[in-house]
Amino acid sequence: MIDESLTSKQRSAMTSEERVRQFQIRLYRKAKQEKAFRFYLLYDKLTLNYVLKVAWKRVKQNRGAAGYDGMSIDDVVKYGADKYLAEIAEELIQETYKAQPVLRVYIPKANGKMRPLGIPTIKDRIVQMCCKLVIEPIFEADFQDCSYGFRPKRSSKDAVRCIRTNVSNNRMRQVFDADLSGYFDNIPHDKLMILVEQRISDHRILKLIRMWLKTPVFEDNKLTKSKKGTPQGGVISPLLANIYLNLLDKAVSRPDGHFHKYGVKIVRYADDFILMAKKIPEHCIEYLHAMLERMELELNTEKTRLVNVETEPFDFLGFTFRYDKDLYSKNKKYLNIVPRKKSAQTIRDKVRDYLRRNRHKNPASIAKGLNPILKGWMNYYTIPKVSYPQVEKRKLRHYLNDSLYRYYRRKSQRKCKLYRKNAFVVLTSKYGLVDPSKYTYAG
């Protein structure tokens, strides 16, 4: 969290990113040193020019669709970003800023169901990002090490490494694989605000957060008031979600708590979490259910299960964790962490869809378009000395080889140059298409 190089740098020589970072360091240190301190003068920081610039830069990088007002990122660029930010700052200063309705859209999930997303307007995204930049370091000082989702300098790979250490090295073979039902849609506003107010007393910041929580949702040409939950898709939603589930993290990690004396540990990524121990007593699970009930949350009983990893695999963050027989020792097993079957199918579907949508592109364009898709998937599932995706990489290579053959066979009536040739070999050797079986993660 701390970058000591910024503490000695002259402010006039700093970029906007560095000035925001320096401010965040001061907030983090204060929050870390004084656990009960409530920050009371934060709202005016939202209107600082460098905070607005960094907020706009991050919103622009994230892209995203237009919200309720129909204004897109490109529209803001055409209008003039500096002018747009100045108008936002004036609204915040005059306290005339009002959040607009959130546009509800649905995206398909891996299981065939639809996931609801809430898309705020560009203006709301910028103001939410300003607020997030200011308050995030305060709550980061309180978050537990077992939480990895939507946090600075933490990722799913860190979560997988932690699981491997606990399951393999520390022999925590019993895993409670939990799944919360509609977590983002069910966070109770009143209880969430109690936690926010434990650290923030600036009434104008609190007013903004309440406004975003209660912003109506636009769906099917009508507005619906929001009584609970924070919409997935909002800039500040992941932070608020982490603030609320930090209660769970603290309960499991507390040295004098109910879970700690049985050696139970938790790894959480946003609303997905698992409990691990050499043996998890039944009353610990009952205690977890009771605690979640008090938090007005509920476990999905169909997806939640208690497993012994040595005899039954489990999935987490797109990985499958299972014990396989060692090739060099008949009586020995090792923890194998591989891409989940559904994840392997997802990358095949993306390749197929890309080729179907781009039937008239030349080989160089095909290679250029496929590479980000392939590299993104392989980079995610490659964790050196932790995961073992090589088998799936070879299968992906075989799928590419077959798909490209069929892709160019369909072009044979136009005498395509790659018909009856090994298109995959030509694209990898001549046009730079990545070969999954030979790809090495450089991150």
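Select Arg-173 to begin: this residue counts as buried because its relative accessibility is 10%. Here, buried means under 20% relative accessible area, exposed means over 50%, and partly exposed lies in between, with a 1.4 Å probe and protein chains only. The model on the screen is predicted: local features need pLDDT of at least 70, side-chain atom pairs count only at pLDDT 80 or more, and totals for chains, interfaces and linings use all residues. Residues are numbered from 1 along each chain as its sequence is written, and side-chain values use heavy atoms, with hydrogens and water left out.

**Salt bridges**

Keep Arg-173 selected and add Glu-310. The two form a salt bridge, with 2.4 Å between the closest N and O atoms. The term salt bridge denotes a side-chain nitrogen of Lys or Arg within 4 Å of a carboxyl oxygen of Asp or Glu. This pair links distant parts of the chain, 137 residues apart: Glu-310 is in the loop between strand S8 (305-308) and strand S9 (314-316), and Arg-173 is in the loop between H6 and strand S3 (174-179). Helices (H or I, at least four residues) and strands (E, at least two) are DSSP runs, numbered from the N terminus. Glu-310 has 34% relative accessibility and therefore counts as partly exposed.

Side chains of opposite charge can pair when their charged atoms come close. How many salt bridges does the structure hold? The number is 26.

Select Lys-123 and Glu-91 next. Their side chains meet in a salt bridge of 2.8 Å, N to O. Lys-123 belongs to helix H5 (residues 122-140) and Glu-91 to helix H4 (residues 81-94), so that distant parts of the chain, 32 residues apart, are linked. Lys-123 counts as buried because its relative accessibility is 19%, whereas Glu-91, with a relative accessible area of 22%, is partly exposed.

Move on to Arg-151 and Glu-140, whose side chains meet in a salt bridge of 2.9 Å, N to O. Arg-151 lies in the loop between H5 and helix H6 (156-169) and Glu-140 lies in helix H5, so the pair ties together parts that are eleven residues apart in sequence. Are these two residues buried or exposed? Both Arg-151 and Glu-140 are buried.

For a group rather than a pair, select Asp-349, Arg-352, Asp-353 and Arg-356. These residues are linked in a network of salt bridges.

**A patch of charge**

Select Lys-32, Lys-35, Lys-250 and Arg-254, which gather in a patch of positive charge on the surface. Such patches are made of residues with over 30% relative accessible area and no salt bridge; like charges are joined within 9 Å, and nonpolar side chains (Val, Leu, Ile, Met, Phe, Trp, Tyr) within 5 Å. Within this patch, Lys-32 has its place in helix H1 (residues 16-33). Lys-32 counts as partly exposed because its relative accessibility is 37%.

**Loops and backbone angles**

Select Thr-382, in the loop between helix H13 (363-381) and helix H14 (390-409). Thr-382 is buried because its relative accessible area is 11%. Add Lys-393: a polar contact of 3.5 Å joins the side chains of Thr-382 and Lys-393. A polar contact is a pair of N or O atoms within 3.5 Å; within protein, one must be able to donate a hydrogen and the other to accept it, and residues adjacent in sequence count only if both atoms are side-chain atoms.

Lys-385 is also found in the loop between H13 and H14. Its phi is near 65°, a positive value in a residue other than glycine. Most residues other than glycine have a negative phi, and most peptide bonds are trans. Lys-385 counts as exposed, at 76% relative accessibility.

Where is Asn-221 found? Asn-221 is in the loop between strand S4 (217-219) and strand S5 (222-224). The phi of Asn-221 is near 65°, a positive value in a residue other than glycine, and Asn-221 is exposed, with a relative accessible area of 71%.

**Distances to display**

Select Arg-115, in strand S2 (residues 114-119), together with Val-105. The two are ten residues apart in sequence and 8.4 Å apart in space, C-alpha to C-alpha.

Go next to Thr-346, in helix H12 (residues 341-357). The C-alpha atoms of Thr-346 and Lys-361 are separated by 23 Å, and these residues are 15 residues apart along the chain.

Finish with Leu-355, also found in helix H12. Leu-355 counts as buried because its relative accessibility is 4%. From Leu-355 to Glu-140, the separation is 215 residues in sequence and 43 Å in space, C-alpha to C-alpha.

Methods
Accessible areas come from the Shrake-Rupley method with a 1.4 Å probe; for residues, only the protein chains shown count as cover. Lys and Arg count as positive and Asp and Glu as negative; His and the chain ends are not counted. The place of a charge is taken as NZ of Lys, CZ of Arg, CG of Asp or CD of Glu.
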